[in-house]
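Let us walk through this structure step by step. Keep the sequence and the 3D view side by side as you read.

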Amino acid sequence: MSAGGSGRMTGYPLRDRLAVVAGFAGPFLVALALVPFRTDLSNTNAALILVVMVVAVAAVGNRVAGAVAALSAAAWFDFFLTRPYERFTMTDTDDIETAVLLLFVGLIVSQLAARARRLEVITVTDADHLRRIHETADLTRSTKSADAVVEHVRRELIELLTLRGCRFEYGTLMGQPPRLEQDGTVAVGRRHWDVDHGGWPDGEIELRAYGNGHYFGRFMLDPTPGTVPSLKARLVAVTLADQTGAALDTAGLAQARTRA
């Protein structure tokens, strides 16, 4: 299986591409619809209406779509709903503050909505997947060894994704192997690989472990040829990697306190 295989390398999935389009066009249309009422509608209420649009886009799309929607909402709020109208210029301090808040709130809620979408997929999965998550969480809470969590998750990933092998690299980002993303998709360079139709791409796949926003290492997945793990399984794998990152972050804080 090669990265250039026909029909296997794709851009974003259709649903996500449509969500990005909606992220740009949706706030524009909503702001345009509010134009006849802009003299009577407070800018705060108009901003809240646009935030609802951002949440809707993020809920059906992904983080990128939500971010696009937040930026679009702030821009069209400025253009259509603040004086001077039909210009990307604001002179009133309150309007500027509202636009900035609209942007930041939109970005935050888009991230939360996208994460909720991922968790929703996981919660409807079977009991075996939930067992893996719960057992890893229990181990993370009970053990004082982050290495024990790494080894546990390594074995879980082999079974969960039907891998030939799996290893963990601490603090290494050498090369540009295909990457299992937070939303369960696989990226090869800047493009997405259609796992559901083409299986895994050639070579090892990296699954990064972050804790509290810090990168600690990555699992290097060695897929079994011909296997096609479900989206649910891939999302569970991402969750297990997140739990590993949390364990490594906790271990790092404990070591720092000990040295202090």
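Start with a pair of strands. In this predicted model, S6 and strand S7 (residues 214-223) pair in the antiparallel sense, over 7 bridges. Together S6 and S7 form a hairpin, with 2 residues between them. Look at the turn: Asn-212 sits there, with a positive phi of about 55 degrees. Now find one facing pair. Glu-206 stands opposite Met-220 in S7.

How enclosed is strand S6? Strand S6 covers residues 205-211, and 5 of its 7 residues are buried, so the strand is largely enclosed by the rest of the structure.

Next, move to strand S2, which spans residues 163-170 and contains Glu-169. Is Glu-169 buried or exposed? Its relative accessibility is 16%. Buried means under 20%, so Glu-169 counts as buried. Which residues does Glu-169 touch, not counting those up to four places away in sequence? They are Phe-216, Gly-217, Arg-218 and Met-220. You have met Met-220 already, opposite Glu-206. Phe-219 also belongs in this picture. Its C-alpha atom is 6.4 Å from that of Glu-169, although the two residues are 50 apart along the chain. Glu-169 has a polar contact as well: its side chain meets the side chain of Arg-167 at 2.5 Å.

Phe-219 leads us on to a helix. Thr-244 is in contact with Phe-219, and also with Val-149, Val-150 and Val-153, leaving aside neighbours within four places in sequence. Thr-244 lies in helix H8, residues 231-259. With 0% relative accessibility, Thr-244 counts as buried.

Terms used. Residues numbered from 1 in each chain as written. Predicted model: local features only at pLDDT ≥ 70, side-chain atom pairs only at ≥ 80, totals over all residues. Heavy atoms only, no water. Helix = DSSP H or I, 4+ residues; strand = E, 2+ residues; numbered from the N terminus. Buried < 20%, exposed > 50% of the residue type's maximum accessible area, 1.4 Å probe, protein only. Contact = heavy atoms within 4.5 Å. Polar contact = N/O pair within 3.5 Å; in protein donor to acceptor, adjacent residues only side chain to side chain. Pairing = 2+ DSSP bridges.
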